[in-house]
Amino acid sequence: MRNLIDIVDLSTGEIEELIAVACDIIAHPDKYSEACHGKKLATLFFEPSTRTRLSFEAAMYELGGHVLSVSSSSSSSAAKGESVADTAKTVSCYADIIAMRHPKEGAALVAANNASIPVINAGDGGHCHPTQTLADLLTIHREKGRFDNLTVGFCGDLKFGRTVHSLINALSRYENIRFVLISPEELKVPSYIKRDVLKKQGFSYVQTTDFEKYMPELDVLYMTRVQRERFFNEEDYLRLKDSFILTPARLKRAKEDLSILHPLPRVNEISVAIDKDPRACYFKQVKNGKYMRMALILKLLGIEVK
Ligand code: NCD
């Protein structure tokens with residue numbers, strides 16, 4: 001049985017296959033409308049979510065399946081002290097596949113080790129978020145047509161931003177990617193990622209606090225919000241939250257074909273004036289997420305659509 005806990009659980013070949021299925025779903029949605037007939041997806045979300053939970057649920061409905069949902073820890077037995085392991089065993093009795101979000105790093109892995117059905121990590125604390133990465137990869141594929149030879153800027157909270165960690169891991173498997181890591185000193189990419197991914201694989205990367213210096217070189221700019229819920233004290237959050245705000249003025253020296261991504265939710269790190277700019281891809285990214293989740297559900301349930 002397969003799970004998706006970390007993006008590197010999927011080979012680059014499998015990611016290509018998922019992209020091909022997602023593109024086929026976009027072109028021929030009717031072909032897939034009964035593919036998961038009789039199957040149930042359980043969405044277990046112990047942390048806030050709009051896009052991830054609803055896109056999983058929309059994905060399952062568009063595949064003709066059903067959804068069982070826990071949308072907060074306070075409404076489930078987690079509030080009574082039930083362990084993730086027991087919850088996973090229980091939900092395995094009702095559903096065919098689980099998508100789980102949890103504030104603790106490693107929770108999805110614990111669920112996978114105890115469930116008897118496939119488990120998808122929909123975000124575990126500040127660790128990783130592989131299905132957001134699938135949305136990001138389809139967006140980069142559709143906008144740029146390649147994953148090699150790209151200069152990718154990551155900006156904002158690179159310390160706690162789990163989407164950043166997963167996308168760096170995913171892109172580090174392609175050729176000639178240059179990483180530009182833009183953050184305040186306190187919110188730099190964790191050293192384990194620099195050591196195990198970037199340095200180990202000999203990647204070229206720069207860390208900077210200067211938002212504009214590398215702007216003309218970027219092919220992709222991945223903006224993120226400062227992750228308030230992961231801070232130990234509110235003063236630090238308030239001091240850092242407005243460190244980098246993307247405005248039309250700041251884009252003046254950017255490439256004409258830059259792609260601006262953001263996993264959303266946006267707080268104020270991208271000015272709404274950018275939304276009209278053809279380089280803004282973040283709402284396309286939302287749609288792409290649903291298609292990649294459809295492709296992933298099919299893959300993990302072993303369903304092939306001819
Ligand atoms: C992200 C997350 O939950 O990590 N949101 C999402 O799933 N699209 C990013 C964020 O919350 O900032």
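Which residues are around the ligand? This predicted model gives the answer in the first view, and the other views follow from there.

**View 1. Residues around the ligand.** The shell holds Thr 52, Arg 101, His 129, Gln 132, Arg 162, Thr 163, Arg 225, Gln 227, Pro 263, Leu 264 and Pro 265. By class, three of these shell residues are nonpolar, five are polar and three are charged. The ligand takes up the space of the largest pocket.

**View 2. Polar contacts of the ligand.** Two side chains reach oxygen atoms of the ligand. In His 129, a side-chain N or O atom is 2.7 Å from a ligand oxygen. In Arg 162, a polar side-chain atom is likewise 2.7 Å from an oxygen atom of the ligand. Leu 264 uses its backbone: an N or O atom there lies 3.0 Å from a ligand nitrogen. Taken alone, the ligand exposes 310 Å², and the protein buries 94% of that area.

**View 3. Salt bridge between Lys 188 and Glu 185.** The side chains of Lys 188 and Glu 185 meet with an N to O distance of 3.1 Å. How accessible is Lys 188, and is Glu 185 buried or exposed? Lys 188 has a relative accessible area of 30%, so Lys 188 counts as partly exposed. Glu 185 is at 52% relative accessibility, and therefore counts as exposed. The cut-off for exposed is over 50%.

**View 4. Salt bridge between Glu 212 and Arg 250.** Here the side chains of Glu 212 and Arg 250 form a salt bridge, 2.9 Å from N to O. The structure holds 22 salt bridges. Among them are the pair Glu 212 and Arg 250 and the pair Lys 188 and Glu 185.

Note on methods
Residues are numbered from 1 along each chain as its sequence is written. This is a predicted model: local features need pLDDT of at least 70, side-chain atom pairs count only at pLDDT 80 or more; totals for chains, interfaces and linings use all residues. Side-chain values use heavy atoms; hydrogens and water are left out. A residue is near a molecule or strand if one of its heavy atoms lies within 4 Å of it. A polar contact is a pair of N or O atoms within 3.5 Å; within protein, one must be able to donate a hydrogen and the other to accept it, and residues adjacent in sequence count only if both atoms are side-chain atoms. Accessible areas come from the Shrake-Rupley method with a 1.4 Å probe; for residues, only the protein chains shown count as cover. On a 1 Å grid over the protein atoms alone, a cavity is a set of points where a 1.4 Å probe fits but cannot get out, and a pocket is an open set with protein on both sides within 12 Å along at least five of seven lines; lining residues have an atom within 4 Å of a point. A molecule sits in a cavity or pocket if more than half of its atoms lie within 2 Å of its grid points. Ala, Val, Leu, Ile, Met, Phe, Trp, Tyr, Cys and Pro count as nonpolar, Asp, Glu, Lys and Arg as charged, and the others, Gly among them, as polar. A salt bridge is a side-chain nitrogen of Lys or Arg within 4 Å of a carboxyl oxygen of Asp or Glu. Buried means under 20% relative accessible area, exposed over 50%, partly exposed in between (1.4 Å probe, protein chains only).
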